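Grab a pencil and open the viewer. Below are some short exercises, each with a worked solution to check yourself against.

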Amino acid sequence: MSAQMNHLPADHPVVKFGKVGVLLVNLGTPDGTDYKSMRRYLREFLSDKRVIEWSRLFWYPILYGIVLNTRPGKVGKAYESIWNKDLDESYLRTYTRNQAEKMAASFADMPNVIVDWAMRYGQPSIQSKMNELQKAGCEKILLFPLYPQYAAATTATVNDEAFRALLKMRWQPALRTVPQYSDNAVYIDALANSIEAHYASLDWEPELLLTSFHGIPKSYFMAGDPYHCQCYKTARLLRERLGWNKDKLMVTFQSRFGPEEWLQPYTDKTVEKLAKDGVKRIAIINPGFVSDCLETLEEIAGEAGEIFHHNGGEKFTHVPCLNDSADGMRVLEDVVRRELMGWV
Ligand SMILES: C=CC1=C(C)c2cc3[nH]c(cc4nc(cc5[nH]c(cc1n2)c(C)c5CCC(=O)O)C(CCC(=O)O)=C4C)c(C)c3C=C
Ligand SMILES: [Fe+2]
Ligand SMILES: [Fe+2]
C-alpha cells in the first residue's frame with residue numbers, strides 16, 4: 001500500500017514490524033585453531049569482567065604479559081584435536097547452528113517467529129544478531145543463553161551483552177531472557193534417556209557415573225552465585241529419575257583456570273583417586289553443556305580417560321552431550337515454547 005493511500009507522509013521510512021525473535025546463544029568459539037584466531041578469541045573471553053573478576057590493574061598485566069602469549073598455542077593444539085574438519089569449525093559452532101535450524105523448522109507453523117543463533121565470544125556476535133533481528137521486524141526478542149544452570153560467568157554475561165546492544169537502538173525490541181532450567185523435567189528425562197541408551201550400547205557396565213560440571217572459582221559461589229546448587233539439583237533429579245542409589249552417581253567440577261580454589265571435588269583429581277582406589281569402570285556425563293565442545297571432547301572424553309587408564313582404571317566412557325539430537329531439541333523447544341507464552 002502506498003504511503004499516500006495510508007495518508008502517511010511520502011517520505012515515511014519503510015519499517016518492518018510484528019515479528020518475534022528467538023536468539024540461541026552459546027559461549028563462543030575461535031574462527032580457527034591458528035595462533036592469531038586463538039589469541040583473538042581468548043583475549044575477548046578473558047577480558048570479560050564476568051569471567052575474571054579480578055581488578056583490571058592486577059589482571060591485565062598477567063593476561064597480556066603471560067596468558068595471551070602462552071595459552072593460544074597450547075589451546076590451539078587442543079582445539080585441533082577436536083575440530084570439525086568437514087566444516088572447518090568447532091563442534092560447538094556446528095551444533096549451535098544445527099539447533100537454531102532445527103528449532104526454526106519446528107516453528108514453521110508460526111511465520112512470525114524468527115530463530116537465529118549467536119556466540120558470546122567470537123562470531124556471529126550477539127550485537128550483530130540483535131541488530132539483524134530488529135531490522136527484520138522483531139519487536140520482541142527471546143534471548144536464550146544455552147546454559148541449564150545459571151552462572152554469572154555464562155548466563156549473566158550473555159544477558160549483559162544483549163542489553164548493551166539495545167543501548168544503541170532507537171526502536172528497541174522488548175527483550176526477555178530465558179532463566180535457568182536445571183530442574184526442567186524434559187531436560188532431566190533427556191539426560192536419563194541418553195545415559196540409558198549409552199549404557200545399552202556398551203558391553204560392560206560402569207560402576208559409577210560422574211556428572212561433571214564446568215567449575216567456577218569458589219569465591220564466586222561464596223559471593224552468591226547459585227550455580228553450585230543448581231548443578232547439585234540437576235544431578236539429584238537425574239539420579240532419582242534413573243532410580244539409582246547415592247553411591248552410583250557423583251558430582252564433580254572440571255576445567256579449573258588460574259591459581260584460585262574452584263568448586264570441589266575436582267573431576268581430574270576424582271578420576272585419579274577412583275582409579276587408584278581400585279574402581280575399574282566409570283562413565284562421565286556433562287549435563288551442564290548443551291553441546292559438546294573443547295571442555296567435553298578434549299578434557300573429559302580425552303584427558304580424563306587417559307588419567308583413569310594411567311592410574312589403573314580399565315574401562316572409561318563419555319556420554320555425549322544432548323547436542324542437536326531429537327531429545328536435545330525437545331528440551332530446547334520445551335523451554336522456548338514456555339518462555340514465549342503471551343508473545344505468540
Ligand atoms: C557450561 C558452563 C561454563 C561455566 C560456568 C564456565 C565458567 C568459566 N570458564 C572459564 C574459563 C574458560 N572456559 C573455557 C572454555 C569453555 N567454557 C565453557 C563453559 C563454561 N565456562 C565452554 C562451553 C567452553 C568451551 C568453548 C569452546 O570453544 O569449545 C576456556 C577456553 C579454553 C581454555 O583456554 O582452557 C577458558 C579459559 C572461567 C574463568 C570461568 C568462570 C569464572
Ligand atoms: Fe569455561
Ligand atoms: Fe549449594
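The exercises start with the domains and move on to the core, the ligand, the strands, a helix and a few backbone oddities. Keep in mind that this is a predicted model.

**Exercise 1. Find the two domains and work out which residues of each meet the other.**

Step 1. Split the protein chain into domain 1 (19-181 + 327-339) and domain 2 (185-319).

Step 2. Place their C-alpha centres, and you'll get 24 Å between domain 1 and domain 2.

Step 3. Count who takes part in the contact: 25 residues come from domain 1 and 22 residues from domain 2.

Step 4. On the domain 1 side, α2, α3 (91-106), α5 and α11 (326-339) each put in at least two residues. The biggest giver there is α11, with five residues.

Step 5. Sort that side of domain 1 by chemistry: 15 residues are nonpolar, seven polar and three charged.

**Exercise 2. Locate the largest nonpolar core and say where it lies relative to the domains.**

Step 1. Look for a core of 81 residues; Val-22, Leu-23, Leu-24, Val-25, Leu-143 and Phe-144 have the most contacts inside it.

Step 2. Check where its members come from. Domain 1 (19-181 + 327-339) and domain 2 (185-319) both contribute, so the core lies between them.

Step 3. Zoom in on Leu-23. If you skip neighbours within four places in sequence, its contacts are Asp-116, Trp-117, Ala-118, Lys-129, Leu-133, Ile-141, Leu-143 and Phe-144.

**Exercise 3. Describe the shell around ligand 1.**

Step 1. Count the surrounding residues: there are 24, and the closest are Ala-151, Ala-153, His-214, Cys-293 and Leu-294.

Step 2. Match the shell to secondary structure. At least two residues each come from β1 (19-28), α2 (56-81), α5 (152-167) and α10 (294-310).

Step 3. Ask which domain supplies the shell. Domain 1 and domain 2 each give at least three residues.

Step 4. Tally the character of the shell, and you get 15 nonpolar, seven polar and two charged residues.

**Exercise 4. Trace the strands that pair with β1, then do the same for β5 and β6.**

Step 1. Start with β1 itself. Nine of its 10 residues are buried, so β1 is largely enclosed by the rest of the structure.

Step 2. Follow β1 to strand β2 (residues 113-121): the two run parallel and are joined by eight bridges. To find your bearings, use Gly-21, whose bridge partner in β2 is Ile-114.

Step 3. Now take strand β3 (residues 138-145), which pairs with β1 in the parallel sense over seven bridges. Here Val-22 has Leu-142 of β3 as its bridge partner.

Step 4. Switch to strand β5 (residues 208-214), which runs parallel to β6 and is joined to it by six bridges. Leu-209 finds its bridge partner in Leu-249 of β6.

Step 5. Finish with burial in β6 (residues 249-254). Five of its six residues are buried, so this strand too is largely enclosed by the rest of the structure.

**Exercise 5. Is Ala-162 buried or exposed, and what does it touch?**

Step 1. Find Ala-162 in helix α5.

Step 2. Count C-beta neighbours inside 10 Å. Ala-162 has 22, so it counts as buried.

Step 3. List the contacts beyond four places in sequence: Ile-126, Met-130, Leu-143 and Leu-175.

Step 4. Widen the view to the helix. Its buried residues, Ala-153, Val-158 and Glu-161 among them, pack against β1, β2, α4 (126-135), β3, β4 (174-177) and α7 (218-222).

**Exercise 6. Hunt down the cis peptide bonds and the positive phi values listed below.**

Step 1. Go to Gln-123 and Pro-124, where the peptide bond is cis with omega at about -10°. Pro-124 sits in the loop between β2 and α4.

Step 2. Repeat at Gln-264 and Pro-265, also joined by a cis peptide bond, with omega about 0°. Pro-265 belongs to the loop between β6 and α9 (267-276).

Step 3. Check Asp-88, a non-glycine residue with a positive phi near 50°. You'll find Asp-88 in the loop between α2 and α3, and with 11 C-beta neighbours inside 10 Å it counts as exposed.

Step 4. Turn to Asn-323, which isn't a glycine either but has a positive phi of about 50°. Asn-323 lies in the loop between β8 (315-319) and α11, and it is buried, with 20 other C-beta atoms within 10 Å.

Terms used. Residues are numbered from 1 along each chain as its sequence is written. Chains are lettered from A and ligands numbered from 1 in the order in which they are written. This is a predicted model: local features need pLDDT of at least 70, side-chain atom pairs count only at pLDDT 80 or more; totals for chains, interfaces and linings use all residues. A residue is buried if 20 or more other C-beta atoms lie within 10 Å of its own, exposed if 12 or fewer, and partly exposed in between; C-beta atoms are placed from the backbone. Helices (H or I, at least four residues) and strands (E, at least two) are DSSP runs, numbered from the N terminus. Two strands pair if DSSP finds at least two bridges between them. A nonpolar core is a set of buried Ala, Val, Leu, Ile, Met, Phe, Trp, Tyr and Cys residues joined through C-beta atoms within 7 Å. Domain bounds come from an automatic or database domain assignment. Two residues are in contact if their C-beta atoms, placed from the backbone, lie within 7 Å. A residue is near a molecule or strand if its C-beta atom, placed from the backbone, lies within 6 Å of it. Ala, Val, Leu, Ile, Met, Phe, Trp, Tyr, Cys and Pro count as nonpolar, Asp, Glu, Lys and Arg as charged, and the others, Gly among them, as polar.
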